Amino acid sequence: MVKPRTWFGGLFYRNGNKRFDNYDKITEYMLTPLQERRLQRLKQRLNVPFEETRPDHQDALKALWDASFPEINLTGLVSEQWKDMGWQGANPSTDFRGCGFISLENLLFFARTYPASFQRILFKQEGIRAAWEYPFAVAGINITFMLIQMLDLYSEKPRNLRGVNFIRILSDETAFDVLYCIAFQMMDAQWLAMRASYLQFKDVLQATRIQLERELGLEDVHRIHDLPAYNLLYK
């Protein structure tokens, strides 16, 4: 089982203990059978560790490379090439230990579903970039973990308002993956707006989380595509 952390990989994200819960609203909320099924399926995904010896996990990692660098052949699952995508070393499997296979699934979903947005961020094509940029792939893993923590997905049922609001949009089975893509695009926009550099990534991710919480709390958000920041994926 993948264990939750408050700090990942010697890098990036640390969350405070502030709470913004509205327990009256939470206790009144009932999950529909469809939402219950989707939530349980998502929880199952959280408990799948990345295993570098599993053929399907190896295939997913190769697919991520092919989607990222379609014109460059990968020399091996352990290769210095992976650093070009922003992994910490030559073996990306070591970076998945903090968040499991779902973090690779998120990256691959982003690359396949919103390729233009994915490529813009991967190659830092927008804005005036910092001399010391954040590493793309490891940032992606931190975003997955931030969402899991923000939505309280390790609990049996959501115990905070963000988690309950997310349940409302779980009629779409890809809601978590799309939310990940939105969060990544939002984070990069925050990075540029704050003129941040590597050591400020924690602050940028926290600002992204606050903005996501606000959007999830909007009353007219009933599906993932209703989030205002969804449009960032198509700019």
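**Aromatic pairs and buried helices**

A search of the whole structure, which is a predicted model, finds 19 aromatic pairs. One of them joins Trp65 and Trp82, whose rings meet edge-to-face, with 5.3 Å from centre to centre and an angle of 75° between the planes. Trp65 belongs to helix H3 (residues 55–68), while Trp82 sits in the loop between H3 and helix H4 (101–113), so the pair ties together parts that are 17 residues apart in sequence. Both Trp65 and Trp82 are buried.

Another aromatic pair is formed by Tyr180 and Phe184, and this pair is edge-to-face too, with the ring centres 5.9 Å apart and the planes at 90° to each other. Here the two partners both lie in helix H8, where they are four residues apart, about one turn of the helix. Are these two residues buried or exposed? Tyr180 has a relative accessible area of 0% and therefore counts as buried, because buried means under 20%; Phe184 is likewise buried, with a relative accessible area of 0%. Tyr180 and Phe184 also take part in one aromatic cluster, together with Phe110, Phe118 and Phe136.

Helix H8, which spans residues 175–193, also holds Leu179. Because its relative accessibility is 0%, Leu179 counts as buried. Which residues does Leu179 touch, if those up to four places away in sequence are not counted? Its contacts are Leu147, Leu151, Phe166, Leu212, Ile224 and Leu227. A further comparison of sequence and space can be made with Asn106, which is 73 residues away from Leu179 along the sequence, although the C-alpha atoms of the two residues are 9.6 Å apart in space.

One of the residues touched by Leu179 is Phe166, and Phe166 is among the buried residues of helix H7. This helix runs over residues 161–168 and is mostly covered, since seven of its eight residues are buried. Those buried residues are Leu161, Arg162, Gly163, Val164, Asn165, Phe166 and Ile167. At the N-terminal end of H7, the residue Asn160 acts as a cap, with a side-chain oxygen that lies 3.2 Å from the backbone nitrogen of Arg162.

A last detail returns to aromatic rings, this time with a lysine as the partner. Lys124 lies over the face of Tyr134, at 4.4 Å from the ring centre.

Terms used
Residues are numbered from 1 along each chain as its sequence is written. This is a predicted model: local features need pLDDT of at least 70, side-chain atom pairs count only at pLDDT 80 or more; totals for chains, interfaces and linings use all residues. Side-chain values use heavy atoms; hydrogens and water are left out. Buried means under 20% relative accessible area, exposed over 50%, partly exposed in between (1.4 Å probe, protein chains only). Helices (H or I, at least four residues) and strands (E, at least two) are DSSP runs, numbered from the N terminus. A polar contact is a pair of N or O atoms within 3.5 Å; within protein, one must be able to donate a hydrogen and the other to accept it, and residues adjacent in sequence count only if both atoms are side-chain atoms. Contact means heavy atoms within 4.5 Å. Rings of Phe, Tyr and Trp (its six-membered ring) pair if their centres lie within 6.5 Å; planes under 30 degrees apart count as stacked, over 60 as edge-to-face and the rest as tilted. A charge sits over a ring if NZ of Lys or CZ of Arg is within 6 Å of the ring centre and within 35 degrees of the ring normal.
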